[in-house]
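Colleague: Could you pick one part of this model and take me through it closely? I would enjoy hearing how it fits in with the rest of the chain.

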Amino acid sequence: MTLMTSWGDSYPKIPGTFLQVRPLTEAADAATTLTAAQAIGGMITMTPTAARTITLPTAAAILALLQPGVQIGTSFPISIRNGASVTHAVTVAGPSGGGITVDGLATIAANTSATFLARVTAKATPAITFHRV
């Protein structure tokens, strides 16, 4: 039996597990706005030389990429790694008026990482909450 990912890659099916291809996005050392594909892809790294902000895409952009079949409760993980070796934090933020809520600590300290579980909370007026886990 073979497990197919949404990107078309296949892996042997291992009972009780779920394998997923997660592309890596290396964000520039600057304020960065992710695309919907980068946010859904789920692995972001940044090595900032000063405090930086990573802005998530709008909920509408993410829902458009998830169509068809997206429903309230659809979720996906996103992990962000701050590779700074000293004090430079990375803050995760939603775009102004973009239907994104960041729940929990949005700041990622130097030399740490954080995982968020993004969950669709509304479709008519697109909304997604990114819960830090």
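Modeller: Happy to, and I would start at isoleucine 128 in β12, the bridge partner of isoleucine 100. The model is predicted, so to speak of local features we need pLDDT of at least 70, side-chain atom pairs count only at pLDDT 80 or more, and totals for chains, interfaces and linings use all residues. Residues are numbered from 1 along each chain as its sequence is written, and side-chain values use heavy atoms, with hydrogens and water left out.

Isoleucine 128 makes a good centre for the tour. Isoleucine 100 belongs to strand β9, residues 100-103, and β12 covers residues 127-132. Strands here are DSSP runs of E with at least two residues, helices are runs of H or I with at least four, and both are numbered from the N terminus. β9 and β12 run parallel and are joined by four bridges; two strands count as paired if DSSP finds at least two bridges between them. Isoleucine 128 also has valine 120 standing opposite. That brings in strand β11, residues 112-122, which runs antiparallel to β12 with six bridges between them. The link from β11 to β12 is a hairpin, made through four residues. So β12 has a parallel partner in β9 and an antiparallel one in β11.

Staying in β12, we reach the aromatic side of the story. Searching the whole structure turns up one aromatic pair. Phenylalanine 76 and phenylalanine 130 have ring centres 6.1 Å apart and planes at 85 degrees, so this is an edge-to-face pair. (Rings of Phe, Tyr and Trp, the last by its six-membered ring, pair if their centres lie within 6.5 Å; planes under 30 degrees apart are stacked, over 60 edge-to-face, and the rest tilted.) The two rings tie together distant parts of the chain, with phenylalanine 76 in strand β7, phenylalanine 130 in strand β12, and their positions 54 residues apart. Phenylalanine 76 has a relative accessibility of 7% and so counts as buried, and phenylalanine 130, at 1%, counts as buried too. Buried means under 20% relative accessible area, exposed over 50%, and partly exposed in between, with a 1.4 Å probe and protein chains only.

β7 spans 75-82, and the loop between α2 (59-66) and β7 holds proline 68. The peptide bond leading from glutamine 67 into proline 68 is cis, with omega near -10 degrees. Another backbone detail belongs to asparagine 111, in the loop between β10 and β11. Asparagine 111 is not a glycine, yet its phi is positive, at about 60 degrees. With a relative accessible area of 48%, asparagine 111 is partly exposed. Most residues other than glycine have a negative phi, and most peptide bonds are trans.

β10 takes us to the open sheet, whose four strands are ordered β4-β6-β8-β10 with mixed pairing. Its edge strands, β4 (32-33) and β10 (107-108), each pair on one side only. Beginning at the β4 edge, β4 and strand β6, residues 52-55, are parallel over two bridges, and threonine 33 has threonine 55 as its bridge partner in β6. Threonine 55 also bridges to alanine 93 in β8, where β6 and β8 pair in the parallel sense over four bridges. On strand β8, residues 90-93, Val90 and Val92 form the covered face, whereas Thr91 and Ala93 form the uncovered one. Thr91 has threonine 107 in β10 as its bridge partner, and β8 and β10 run antiparallel, joined by two bridges.

Further back in the chain, strand β3, residues 24-26, contains threonine 25. Threonine 25 is buried, at a relative accessible area of 15%. Beyond neighbours within four places in sequence, threonine 25 is in contact (heavy atoms within 4.5 Å) with Gln38, Met43, Ile44 and Thr45.

Set against the whole chain, these pieces belong to a set of two helices and 12 strands. From the N terminus on, the order is β-β-β-β-α-β-β-α-β-β-β-β-β-β. The protein chain has 133 residues, of which 34% count as buried. Taking contacts between residues at least 6 apart in sequence, 55% join residues at least 24 apart. The pair of phenylalanine 76 and phenylalanine 130, 54 residues apart, is one link between distant parts of the chain.
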